[in-house]
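Here is a set of exercises to work through with the model open beside you. Try each task on your own before you read the solution.

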Amino acid sequence: MKVAVAGCCHGALDKMYETLELLQRRHNVWPDLLLCCGDFQAVRNEADLRCMAVPAKYRHMQTFYRYYSGEKKAPVLTVFIGGNHEASNHLQELPYGGWVAPNIYYLGYAGVVRFRGVRIGGISGIFKSHDYRKGHFESPPYNQQTIRSAYHVRNIEVFKLKQLKRPIDIFMSHDWPRSIYHYGNKKQLLKMKSFFRQEVESNTLGSPAASELLQHLKPTYWFSAHLHVKFAAFMQHQTNSKEELPKATKFLALDKCLPRRDFLQIIDIEHDPSAGDSLEYDAEWIAVLKATNSLVNVTQSSWNMPEKNGLHAKWDYSATEEAIKEVLEELNHDLKIPCNFTSTAACYDPSKPQKHVEPVHTINPQTTEFCAHFGLTDINDRIQQAKEEGSVRGEYEEEEEEEEMDSTGSAEEPSEYNTDNSGLSSINPDEIMLDEEGGDEDLSTCSVDPSPDHPPDFSASFSDIRIMPDSMAVSSDDAMDSTNEELEKSGVSKQVEEKNINERPLKRIGGNENGNSGIKKIKRRNQAIYAAEDEDKTE
């Protein structure tokens, strides 16, 4: 079957689907499935915009609301993960995944589903070391810290995915697995994005958690986005025994959805011809969720996952064949995911703007039904209970804080998130600072506009093989493995043309991130990445 893979969508659903229709008209190609690797921006209304961590000039309503309202329907089954620029309040309603609109499915914080026999997994968000070991404690309305931490990857999601034993065909992450750039044409990457050089050379670009998952899961394909550049790599995995067959992963990072950008790829994937056309639950993944349900944490306290170190009575939460069989029996061997999309918020109405609507913490009926069916903890319900239980104590602490402010004239504010850096390197490799007025640098990026008279090239080429240095292997706790792995370089393939759609900017809500109105900062790499959008619009 043909699978279309898109990079950062940024809410431009009309543009993305129109590109697919253009491809069909010109080359008679239509995908059976569309995958989006984050920054999907499922924004339903103005309140959702308040929950999206982006500079004000990128805070657009875009077109998702038309699909949420039913005005339009996605022409192809669309499955996506979350990135770092999302309506976090909306996605938080579906921690285990669910429909955000008819025919558009979110994988949740982490998830695995099946389509036509193809096993598709993914993890949402980006890696930040200072939040990695916390629970999912955030809830709207967010503050300056939680609007960012809400989309940071947590160790429990990585732990769940590492319990999987059966092969994964496709895996998605928003940020790149750390070290993957050593398996592709690194020279060309640095030519297009020279400001990556320091992080590439110090091996701090990308997510160590994703790198650990890549080494464990060894999927056939791994797709990412986030860095707004197209890049292909080929990773040959080491085998653990002579009996184990060699495995390799084809990695592809996609550009963002902008005119003349190579943001979409069509790939042929082997599938089960006898399988139906419905999106299905994955029985092993459901069994893992049930096994790890007792580990759910909704506090800010840092904690480690169980491991074989003498401190935990149990550390293996992988699903047994018996547990998987029980899941199948619970579902009567019908794995079809129910089409139970439910609207949980008012939809944007261009004729009746509601700019001052506050976001609220919502428990989605899809999640309630899913948790009840499989005996799982509804994370949002647990958060709500924790908030209610702590309300009396919170009021008491607030009174004490007011008394302290009355006596001292100020209250000390937490500084843990004031820069939102990962702490893994001297500069932040994953996230923009929310200041839209920093000076943009004129750094050119390499993109090719395909000719409409020639069909896209579906071929891929691989070049020389080198041995990866021991220092390049990474685990989630930043420890360096001593393994040598082969790496191959890959060229990029097909490029498709897309149309330009006007966007209506909204006013920025809220103040400067750090409260320093006189200081304007934005990281150099992100200046170049996001300045490219403005350059495209002026050409």
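The exercises below go from the whole chain to single residues, and the model they use is a predicted one.

**Exercise 1. The chain as a whole**

Task: Find how many helices and strands the chain has, and what share of its residues count as buried.

Solution.
- Step 1: Start with the secondary structure, which comprises 15 helices and 15 strands.
- Step 2: Turn to burial. The chain has 539 residues, and 55% of them count as buried.
- Step 3: Look at the surface. About 23,300 Å² is exposed, with 47% of it supplied by carbon and sulfur atoms.
- Step 4: Finish with the contacts. Take those between residues at least 6 apart in sequence: 80% of them join residues at least 24 apart.

**Exercise 2. An open sheet**

Task: Work out the strand order of the open sheet of six strands, and say which strands lie at its edges.

Solution.
- Step 1: Walk across the sheet from one side to the other. The order is β4-β5-β3-β2-β1-β12, and the pairing is mixed.
- Step 2: Identify the edges. β4 (98–101) and β12 (264–268) each pair on one side only, which makes them the edge strands.
- Step 3: Check the twist. On average, neighbouring strands here are turned by 30° against each other, direction ignored.
- Step 4: Zoom in on one pair. Strand β2 (residues 33–36) runs parallel to β3, and three bridges join the two.
- Step 5: Pick out a facing pair of residues: Leu35 stands opposite Val79 in β3.

As background, strands of a sheet pair through backbone hydrogen bonds, in either a parallel or an antiparallel way.

**Exercise 3. Salt bridges around Asp14**

Task: Among the salt bridges of the structure, find the partners of Asp14 and explain what each pair ties together.

Solution.
- Step 1: Begin with the total, which is 18 salt bridges.
- Step 2: Take Arg66 as one partner. Its side chain meets that of Asp14 at 2.8 Å, N to O. Arg66 sits in helix α3 (residues 64–69) and Asp14 in helix α1 (residues 13–27), so this salt bridge ties together parts that are 52 residues apart in sequence.
- Step 3: Compare the surroundings of the two. Asp14 is buried, at a relative accessible area of 5%, while Arg66 is partly exposed at 25%.
- Step 4: Take Lys72 as another partner, in a salt bridge with Asp14 of 3.1 Å, N to O. Lys72 belongs to the loop between α3 and β3 (78–80) and Asp14 to helix α1, so the parts tied together are 58 residues apart in sequence.
- Step 5: Add the burial of Lys72, which is partly exposed with a relative accessible area of 31%.

**Exercise 4. A buried pair and a network**

Task: Decide whether Asp131 and Lys134 are buried or exposed, then find which residues are joined into one network by salt bridges that share partners.

Solution.
- Step 1: Locate the salt bridge between the side chains of Asp131 and Lys134, 3.1 Å from N to O.
- Step 2: Check accessibility: Asp131 and Lys134 are both buried.
- Step 3: Follow the shared partners. Arg114, Arg119, Asp282 and Glu284 are joined into one network by salt bridges.

**Exercise 5. Helix α10 and its cover**

Task: Find how many residues of helix α10 are buried and what covers them.

Solution.
- Step 1: Count along the helix. In α10 (residues 283–291), seven of the nine residues are buried, so the helix is mostly covered.
- Step 2: Name some of them: the buried residues include Glu284, Trp285 and Ile286.
- Step 3: Look outward. The cover includes β6 (110–115), β7 (118–123), α6 (155–161), β13 (279–281), α11 (321–330) and α12 (365–374).
- Step 4: Inspect the start of α10, where a side-chain oxygen of Asp282 comes to within 3.3 Å of the backbone nitrogen of Glu284.

**Exercise 6. Backbone exceptions**

Task: Find where the cis peptide bond lies between Pro140 and Pro141, and compare the burial of Arg116 and His333.

Solution.
- Step 1: Recall the background: most residues other than glycine have a negative phi, and most peptide bonds are trans.
- Step 2: The bond from Pro140 to Pro141 is cis, with omega near 0°. Pro141 is in the loop between β7 and α5 (146–149).
- Step 3: Arg116, not a glycine, has a positive phi of about 55°. Arg116 lies in the loop between β6 and β7, and counts as buried at 17% relative accessibility.
- Step 4: His333 also has a positive phi, near 60°. His333 is placed in the loop between α11 and α12, and counts as exposed at 58% relative accessibility.

Notes:
Residues are numbered from 1 along each chain as its sequence is written. This is a predicted model: local features need pLDDT of at least 70, side-chain atom pairs count only at pLDDT 80 or more; totals for chains, interfaces and linings use all residues. Side-chain values use heavy atoms; hydrogens and water are left out. A salt bridge is a side-chain nitrogen of Lys or Arg within 4 Å of a carboxyl oxygen of Asp or Glu. Helices (H or I, at least four residues) and strands (E, at least two) are DSSP runs, numbered from the N terminus. Buried means under 20% relative accessible area, exposed over 50%, partly exposed in between (1.4 Å probe, protein chains only). Contact means heavy atoms within 4.5 Å. Accessible areas come from the Shrake-Rupley method with a 1.4 Å probe; for residues, only the protein chains shown count as cover. Two strands pair if DSSP finds at least two bridges between them. Axes are lines fitted to C-alpha atoms, for helices over the stretch in contact, and angles run from 0 to 180 degrees between N-to-C directions. A polar contact is a pair of N or O atoms within 3.5 Å; within protein, one must be able to donate a hydrogen and the other to accept it, and residues adjacent in sequence count only if both atoms are side-chain atoms.
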